[in-house]
Every structure is written in structure tokens, then in C-alpha cells.
Amino acid sequence: MNWKKRIETLTQQLEVPFLVTHPADLFYLSGFTGSMGFLLLFPSGQPVFFCDGRYSTQAREELKIPAQIVEFRHQVVTAIAEKVKESGGKELLVDEKLSLAFFRSLEKEGLHPQSVASPVRNFRMRKSLEEVQRIKKALEISEKAFQRILPSLKPGLREKDVAIELDYQMRILGGEVAFPTIVATGKRSALPHAHPSDEKLRRESWVLIDWGARFEGYCADLTRTIYLGNRSAEFRRLFRWVQDAQLLAKEHLKAGAVACQIDELVREFLSRENLAQYFTHGLGHGVGIEIHEEPALNSQSKAVLAENMVVTVEPGIYLPEWGGIRLENMVVITADGCVTLDRLNTF
């Protein structure tokens, strides 16, 4: 990762200091993986990293950028204010997601904070080659883990058992669990974000599994819907509609495409069979350091897709009292289309 270039690109855009607080942004800029830290960037001069005693050793080991490490003992806002004032001013840009309480604390220290959309999130949308390689490795681990547990998907196994074993396999293959694994069988598969329960898998039914590994800070996100036994005619019919909706989306994903227009295209397709009303979430989302990041692919998103963005494509149909079907792949956007990054078949 070219950590130095990332810092230089950002600081060249600054006229006043900027405080980075979001953990994913901290990792992107500095390599720090701790759950709490603060990075103060200046238009010129060395960055300052603030942490308490729990993270000072970790910061010294992990930071990939030259930075002064300040270990605070009581109020970090006091330490931040001192460094800002030392730079010759009181203006400070902060992430719009910063809590109001923290914002007010900065004001009480005599600073003039201004809330802005973090420019780091814009940088993170387009992945470098190394970032894509880490995502591919996370996908490889996810797929291998799934293939290992696939033979065990038999009637009588609890949803919880499937999730536990899948998580275990991702870990022993060298990954971390990127997000809480979703396992839902039968009617419960109509819950897009179902928590694994004591419900048991049944013959002549299906199980929806949404899972993903994290590798060296980057995530994978996949969903497959597996039928146990001979597929019913209704399942085959609805599965085909979901599969075709995903293929349609992939055909139109490319640099320059507008996210909401691709989402609308899929909904119009599903409406031909009166199924659009059962597609209850967005078509997809960006994936990288976080499992859900920009750009969003939904009806409200005006994002214009660009080369090297990595997004999910995950149409689904959820019918109450029947169940749900979802297929999710990850793609990287190219100048004239998209390339699917995962290799696991859709069964």
C-alpha cells in the first residue's frame, strides 16, 4: 500500500487541519487496526496520532506513516486542541459522523470545528491493485470455507451449527469473520438479515447463507441459496428470476453508470412477474475495509460508478410465509463493464 501517497493526496486538498476519527479511515491512511485512535492532519507538516495507553504500543508497531504519537491520559480533546493551536489557528475540519458531544467538546476547548463529508471515503471507493488482491484473497478463503461445510448441509442440522462451522473454517483458513454470518432456512429465509437460530434444516427445503471473510483488513461478501433435495417448481421459477436479475445488472454495470438507474432496471425486470415488491433492499453496495461502504447501489444513490470500484450485486426475493432467495456476487467495475471476482457457482 502506498501510505505516503494517500496522506500526501489528502493533505494537498487541506487549507486547515483535519481530524480523522473513523476506524476504517484510520486504517486506510495509516495502517492502524485498533478500535480507537485520532489522526490529526495538517496542510503541511507531520501528522499527529492520538491514543490512550491501551493502544500506544500497537500504534508504534502498526503506523505505516511518519507521525508524532501522543498518548493522552484524560481528555483527548484537550490534546487535540493544543496541537491545532500550535499550528497557528483554531479552525478544524471533522467528519460529519462525529458525535455531537465530541463536537461540542472541541468547541469548549476554543476550537472552531466544521463538520464535512470525509474525503477519505471518496478515496476508498476506488481500489488499488493491492486492495483488489486482498479482496480476492478474502473471497478465496470464503469460498474454500463454504465448500468445506457444503457436504454437511443436511436435514437436522441447526442454522446455528452451520454458522459456527462456517466461521470456524474461515478462521482456520487464515481469515477473520467480516460480519455476523446469516443462515436462514425455509420461511425464515424471507428475513434478509436473519440471525442463525435453533431452526433445523429440512429435506425438500432450502437454506440461505450470507457470509464473508476478512483478509489483511479487506472484506468479502457472498450469498448463496442451497436447496436440500429436488427443487420444487416454484423454487426453480423464482430462483431463475433472481439469477436473471443479477445477470441483467452485471450487463449494465460499468464506469459512468448511475447507481440508482441500475437498481431501477432490475426492479423493472422483476415487476414483469410482479416480484419487484418482494425485492426489499438495495441491489448492492461497495465493499472494502468495511463490509458496507460507498458507493451504494439503491434507488436513492446518485453515485456514478468508476473504474476499480468493488461492489456487490445481490438481488433477492422475499415472500412472507414462503421464504426468500438471494444471490450475491462481488464485481470490480471496468471502463466497459464489470468483472466478477468470486468463482463459487450459484448452485
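Which residue is the bridge partner of Leu-39 in β3?

1. In this predicted model, the bridge partner that Leu-39 finds in β3 is Phe-49. On the β1 side, Val-20 stands opposite Leu-39, and Phe-49 in turn stands opposite Ile-69 in β4, so that the pairings can be followed from strand to strand through named residues.

2. These strands belong to an open sheet of 6 strands, whose order is β4-β3-β2-β1-β5-β6 and whose pairing is mixed. Because β4 (68-71) and β6 (112-116) stand at the edges and each has a single partner strand, one side of each is left without a neighbour in the sheet. From one strand to the next, the twist averages 25°.

3. As to the directions, β1 and β2 run antiparallel and are joined by 3 bridges, and β2 and β3 likewise run antiparallel, with 3 bridges between them. Strand β3 (residues 48-51) and β4, by contrast, run parallel and are joined by 4 bridges.

4. The hairpin of β2 and β3 has 6 residues between the strands, and in this hairpin Gly-45 takes a positive phi near 105°.

5. Along β2, Phe-38 and Leu-40 point one way while Leu-39 and Leu-41 point the other way, and all of these side chains are buried.

6. Helix α2 (residues 23-30) lies across β1 (18-20), β2 (38-41), β3 and β5 (91-95), and runs at about 60° to β2.

Note on methods:
Residues are numbered from 1 along each chain as its sequence is written. This is a predicted model: local features need pLDDT of at least 70, side-chain atom pairs count only at pLDDT 80 or more; totals for chains, interfaces and linings use all residues. Side-chain values use heavy atoms; hydrogens and water are left out. Two strands pair if DSSP finds at least two bridges between them. Helices (H or I, at least four residues) and strands (E, at least two) are DSSP runs, numbered from the N terminus. Axes are lines fitted to C-alpha atoms, for helices over the stretch in contact, and angles run from 0 to 180 degrees between N-to-C directions. Contact means heavy atoms within 4.5 Å. Buried means under 20% relative accessible area, exposed over 50%, partly exposed in between (1.4 Å probe, protein chains only).
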